[in-house]
Amino acid sequence: MRLNKFLAHCGVDSRRKCDELIFEGRVQIDGETFTNPGAQFDELHSEVRVDGEIVKLKSVFTYIKMHKPRGFVTSRKDPHNPQTVMDLLPKVMHVMPVGRLDKDTTGILLFTDDGDLNYSLTHPKHGVKKEYEVLLHRAPEGFPEKELQHGIILEDNGDRVRGIAKALNRKRTHYRVTLTEGKKREVKRIFRHYNTRVYRLHRNTFAGLSVNELPPGKWRKLTPQEITQLKKTAGIS
Ligand code: URA
């Protein structure tokens, strides 16, 4: 098995973060440091350590959905922000957020220790659908409802983004936006492109799942049906 895949399977972190751990020389196989994330090794007969701690394959994973409240950063630890979403979960759960929401964004956020599923759900090739509800300071200059479906180029770094935007009021200050890519601060940057600003952002759904039944700050484990739905979306059977 590839080393980065193995670490993600063990629930060490997301595959991208595992790559970083490997590059940083923090991973040993049978006492030898490996710095190539794609290194193949025999996972059944090798001892793998991260920062000196033995890591083992997991067979039972945890899947959680949370109604993220405002004021919490999506990170495992953040020296600049005292409140992270991890503070809302019991300490014993070694799960990781699936993607991220900004500190002031509310709505559905998933967590899991299944690194493979995490990787697939956040990889652009699977085009996982996310639906946001957006309140704006003033109406956009221009028409995201017409243009976004064909793709627009964002000024800040030249990213091309596509999606569906639907105005929900006549003043065009309330939108529903559906995206499948997951670029950083995508919704806010889309509306910057139209010379307006978002003052309230809520993620209604992620891969068809919602947190309508949960008050802000609350979480629950996914049902077997929800896990199956998620895996299907991520292309994992
Ligand atoms: N887009 C944003 O701008 N912020 C979020 O938190 C999520 C999507």
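Arg 185 is partly exposed in this predicted model, because its relative accessible area of 44% falls between the 20% limit for buried residues and the 50% limit for exposed ones. The residue is placed in the loop between strand S12 (174-179) and H5. Its backbone also deserves a look: phi of Arg 185 is near 50°, a positive value in a residue that is not glycine. Arg 185 is, in addition, one of the residues around the ligand, and the ligand site is a good place to continue.

The shell around the ligand is made up of Leu 101, Asp 102, Thr 105, Tyr 132, Arg 185, Glu 186, Val 187, Lys 188 and Leu 201. Sorted by class, these residues are four nonpolar, one polar and four charged. Helix H5, which spans residues 186-193, gives the most to this shell, with three residues. Several polar atoms come up to the ligand here. A polar backbone atom of Asp 102 is 2.7 Å from an oxygen atom of the ligand. For Thr 105 the side chain is involved, with one of its polar atoms lying 2.8 Å from a ligand oxygen. Glu 186 takes part through its backbone, where an N or O atom lies 3.3 Å from a nitrogen atom of the ligand. On its own, the ligand has 240 Å² of accessible area, and the protein covers 96% of this.

Leu 201, another member of the shell, lies in strand S13. With a relative accessible area of 6%, Leu 201 is buried, since that value is under the 20% cut-off. Leu 201 can also be set against Leu 89: the two are 112 residues apart in sequence, and their C-alpha atoms are 22 Å apart in space.

Just past the end of S13 (198-206) comes a loop that leads to strand S14 (209-210), and Ala 207 is found in this loop. Like Arg 185, which has phi near 50°, Ala 207 has a positive phi, about 50°, although it is not a glycine. Ala 207 counts as buried, at 8% relative accessibility, whereas Arg 185 is partly exposed at 44%.

Turning to the aromatic rings, a search of the whole structure finds two aromatic pairs. In one of them, Phe 6 and Phe 41 meet edge-to-face, at 5.1 Å centre to centre and with 85° between the planes. This pair links distant parts of the chain, as Phe 6 is in helix H1 (residues 3-9) and Phe 41 is in the loop between strand S2 (32-33) and strand S3 (48-50), 35 residues apart. Both partners are covered: Phe 6 counts as buried at 3% relative accessibility, and Phe 41 is buried with a relative accessible area of 10%.

Rings also meet charged groups in this model. The charged end of Arg 15 sits over the ring of Tyr 119, 4.0 Å from its centre. Likewise, the charged end of Lys 146 sits over the ring of Phe 143, at 4.6 Å from the ring centre. Helix H3 covers residues 115-122 and is mostly covered itself, with six of its eight residues buried. Those buried residues are Gly 115, Asp 116, Leu 117, Asn 118, Ser 120 and Leu 121.

A few loop residues complete the picture. Pro 140 lies in the loop between strand S8 (130-136) and helix H4 (144-147), where it is buried with a relative accessible area of 5%. The C-alpha atoms of Pro 140 and Phe 191 are separated by 6.9 Å, although the two residues are 51 apart along the chain. Asn 81 is found in the loop between strand S5 (63-68) and strand S6 (96-97). At 16% relative accessibility, Asn 81 counts as buried, because the cut-off is 20%. Between the C-alpha atoms of Asn 81 and Lys 103, 22 residues apart along the chain, the separation is 9.5 Å. Finally, Arg 172 is found in the loop between strand S11 (163-167) and S12, and with a relative accessible area of 15% it is buried. Arg 172 and Leu 148 are 24 residues apart in sequence, with 15 Å between their C-alpha atoms.

Definitions and conventions:
Residues are numbered from 1 along each chain as its sequence is written. This is a predicted model: local features need pLDDT of at least 70, side-chain atom pairs count only at pLDDT 80 or more; totals for chains, interfaces and linings use all residues. Side-chain values use heavy atoms; hydrogens and water are left out. Rings of Phe, Tyr and Trp (its six-membered ring) pair if their centres lie within 6.5 Å; planes under 30 degrees apart count as stacked, over 60 as edge-to-face and the rest as tilted. Helices (H or I, at least four residues) and strands (E, at least two) are DSSP runs, numbered from the N terminus. Buried means under 20% relative accessible area, exposed over 50%, partly exposed in between (1.4 Å probe, protein chains only). A charge sits over a ring if NZ of Lys or CZ of Arg is within 6 Å of the ring centre and within 35 degrees of the ring normal. A residue is near a molecule or strand if one of its heavy atoms lies within 4 Å of it. A polar contact is a pair of N or O atoms within 3.5 Å; within protein, one must be able to donate a hydrogen and the other to accept it, and residues adjacent in sequence count only if both atoms are side-chain atoms. Accessible areas come from the Shrake-Rupley method with a 1.4 Å probe; for residues, only the protein chains shown count as cover. Ala, Val, Leu, Ile, Met, Phe, Trp, Tyr, Cys and Pro count as nonpolar, Asp, Glu, Lys and Arg as charged, and the others, Gly among them, as polar.
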